[in-house]
Amino acid sequence: MKKSNILLLIFIAVAIGAVVATISDSSTYVTFEKAEKNPGKMYTVIGQLNRDKPMDFDARAGVFSFYAIDKEGESRKVLYFKPKPTDFERSEDITMKGFATDTAFIADDILLKCPSKYNEQNKLEE
């Protein structure tokens, strides 16, 4: 075989390996209930801040805790081992990547969908 054919086969094998690794590592969007059925497995839950329940940041432990409501309307306590994200209270949706335990959802990463400044401008103009 030519060296170019061997290099092409190696490149294809590496590309297939990368795709398989990416697919197996990706998380699934679920509700809190589904995440609780498989404790310790990484999931992504999309929800909203439950404004009726308290938010707290324990500086000594480095834990930000709050309650979120998923798309099914279920409210759960969420623990985030980082400081509270900026404009957290203003967010429309909260995307939480993490895992469930028997007491709370442990978020490793949080992404916020904040209200669009263009929506706010439209409301002001009306």
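Trainee: How much area does the protein chain expose, and what share do carbon and sulfur atoms supply?
Mentor: Accessible area here comes from the Shrake-Rupley method with a 1.4 Å probe, and for residues only the protein chains shown count as cover. The protein chain exposes about 9,000 Å². Carbon and sulfur atoms supply 55% of it.

Trainee: What kind of model is this?
Mentor: Residues are numbered from 1 along each chain as its sequence is written, and side-chain values use heavy atoms, without hydrogens and water. Local features need pLDDT of at least 70, side-chain atom pairs count only at pLDDT 80 or more, totals for chains, interfaces and linings use all residues, and the model is predicted.

Trainee: What pattern does the protein chain follow along the sequence?
Mentor: Helices (H or I, at least four residues) and strands (E, at least two) are DSSP runs, numbered from the N terminus. The chain has three helices and seven strands. Their pattern is α-β-α-β-β-β-β-β-β-α.

Trainee: Is Ile 10 buried, partly exposed or exposed?
Mentor: Ile 10 is found in helix H1 (residues 3-25). Buried means under 20% relative accessible area, exposed over 50%, partly exposed in between (1.4 Å probe, protein chains only). At 49% relative accessibility, Ile 10 counts as partly exposed.

Trainee: Which residues have the most contacts inside the largest nonpolar core?
Mentor: A nonpolar core is a set of buried Ala, Val, Leu, Ile, Met, Phe, Trp, Tyr and Cys residues joined through side-chain atoms within 4.5 Å. The largest has 18 residues. Those with the most contacts inside it are Phe 66, Val 78, Met 96 and Phe 105.
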